[in-house]
Amino acid sequence: MKTKLLMLVISLLVCLPLLSQNRPTQKVDEDGVYLMPDKLPEFPGGISALMNHLGANIKYPVEAQKKGVSGRVLVQFVVMEDGTLSQVKTLKGVEPSLDEEALRVVREMPKWTPGMADGKKVKVKFTIPIVFGLEKIKSGNQSFKLVIPSGQEVKNRTLSGVWQQCMIDLKEEGYRLSLGSLMKIFSADNSFMNILFDVQKMGSVILAQGEYEVVSDTVYVEKLNKSVYSSFPAGVKNEISIEHLHDNLIKLSFKVPGNEQTGTEYWYRVPSPDIKIMTD
């Protein structure tokens, strides 16, 4: 008889006001907090960095795992003019330990880039749903994380394909990958698209799309036609450095406008047929 284990699945989906199906018609509430600013506040490094931060810092309460408790905690907060977070609270909770863990990790976030309205920094209300899920999988040779070899000669340096953002941990057996909820599609016709997909089947969101140009094996440039990223709006060209760690694993590094730090992301090319995407 095969033993079944529990695997933690945390889905981190950002509720951006401009993408909400129920957009608030009120621009500012009675306390002077903006619901729909001209420019949204942003976590340092953008949405992907926010997902990585939460994924690395959230700890699924042990007792909740034992009881099989899961669900979505809806956390709301206000990004102040100086980028600090205030008025952190749950709009919809699941269970006390999960609610408190979601609040803890949000309260401990670094400063955000504040939102803007009429050329001034303003207070903006923001909402993040954090989904705690437990999925049963079989033990045996199946691993909780995908492992790919390290130190191999890289033969495929093309970008074309479907890539999934991941976090990596280098071990003796190779790179152990934890796959995230963000996908990047590089088409053979030099168009690209970033998609945030919802593993809970609540819908997916296109975050950015445009064209890309491969300058060399170590550099490519993205030209954004459409984008929800405030640091990388439509019309911007973004030069990105590529480090090929494996035929299907790359490290991307780029400068974040207005920020001294360098953004870093890891992407795993998932098996897929030849694709061509429309960016209109």
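Asparagine 190 is a good place to begin, in the loop between β9 (174-186) and β10 (191-196). Although asparagine 190 is not a glycine, its phi is positive, at about 70°. Its relative accessibility is 33%, so the residue counts as partly exposed. Another residue other than glycine with a positive phi is glutamine 87, where the angle is near 55°. Glutamine 87 is placed in strand β3 (residues 85-92). As background to both cases, most residues other than glycine have a negative phi.

The model described here is predicted, and a word on confidence is helpful before going further. Across the chain the mean pLDDT is 79, with 80% of the residues reaching 70 or more. Confidence is highest in strand β13 (residues 237-246), at a mean of 95, and lowest in strand β1 (residues 4-12), at 39. Residues 135-144 form a stretch with pLDDT below 50, yet in the model this stretch has 19 contacts beyond near neighbours in sequence. Residues 273-280 also have pLDDT below 50, and here the contacts beyond near neighbours in sequence number 23.

Aromatic rings come next. The count comes to eight aromatic pairs. In one of them, the ring centres of tryptophan 112 and phenylalanine 126 are 5.1 Å apart and the planes meet at 65°, so this pair is edge-to-face. Distant parts of the chain are linked in this way: tryptophan 112 belongs to the loop between α3 (96-107) and β4 (115-117), while phenylalanine 126 belongs to strand β6 (residues 124-138), 14 residues apart. Both tryptophan 112 and phenylalanine 126 are buried. A second pair joins tyrosine 212 and tyrosine 220; with centres 6.4 Å apart and planes at 85°, it is likewise edge-to-face. Tyrosine 212 has a relative accessible area of 7% and is therefore buried. Tyrosine 220 is buried too, because its relative accessibility is 0%.

Ring pairs also build a cluster, made up of Phe43, Phe77, Trp112 and Phe126. The pair of tryptophan 112 and phenylalanine 126 described above thus brings together two members of this cluster. A ring can have a charged partner as well: the charged end of lysine 184 sits over the ring of tryptophan 267, at 5.3 Å from the ring centre.

Where is phenylalanine 197 found? This residue lies in the loop between β10 and β11 (205-216). Phenylalanine 197 has a relative accessible area of 18%, so it is buried. Methionine 183 is 14 residues away from phenylalanine 197 in sequence, and their C-alpha atoms are 7.5 Å apart in space.

Finally, the interior holds some empty space. Such space is revealed by rolling a probe the size of a water molecule over the atoms. How many cavities of 30 Å³ or more are there? The count comes to two. The largest cavity has a volume of about 240 Å³. Its lining consists of 22 residues, and those nearest the centre are Asn194, Tyr229, Phe232, Phe254 and Glu265. Two or more lining residues come from each of α1 (47-57), β9, β10, β12 (219-227), β13, β14 (249-255) and β15 (262-270). Strand β12 gives the most to this lining, with three residues.

Note on methods. Residues numbered from 1 in each chain as written. Predicted model: local features only at pLDDT ≥ 70, side-chain atom pairs only at ≥ 80, totals over all residues. Heavy atoms only, no water. Phe/Tyr/Trp six-rings, centres within 6.5 Å; stacked < 30°, edge-to-face > 60°. Helix = DSSP H or I, 4+ residues; strand = E, 2+ residues; numbered from the N terminus. Buried < 20%, exposed > 50% of the residue type's maximum accessible area, 1.4 Å probe, protein only. Lys NZ or Arg CZ within 6 Å of the ring centre and 35° of its normal. pLDDT = per-residue confidence, 0-100. Contact = heavy atoms within 4.5 Å. 1 Å grid on protein atoms, 1.4 Å probe; cavity = no way out; pocket = protein on both sides within 12 Å on 5 of 7 lines; lining within 4 Å. Points joined across faces, edges and corners; volume = space filled by probe spheres on them.
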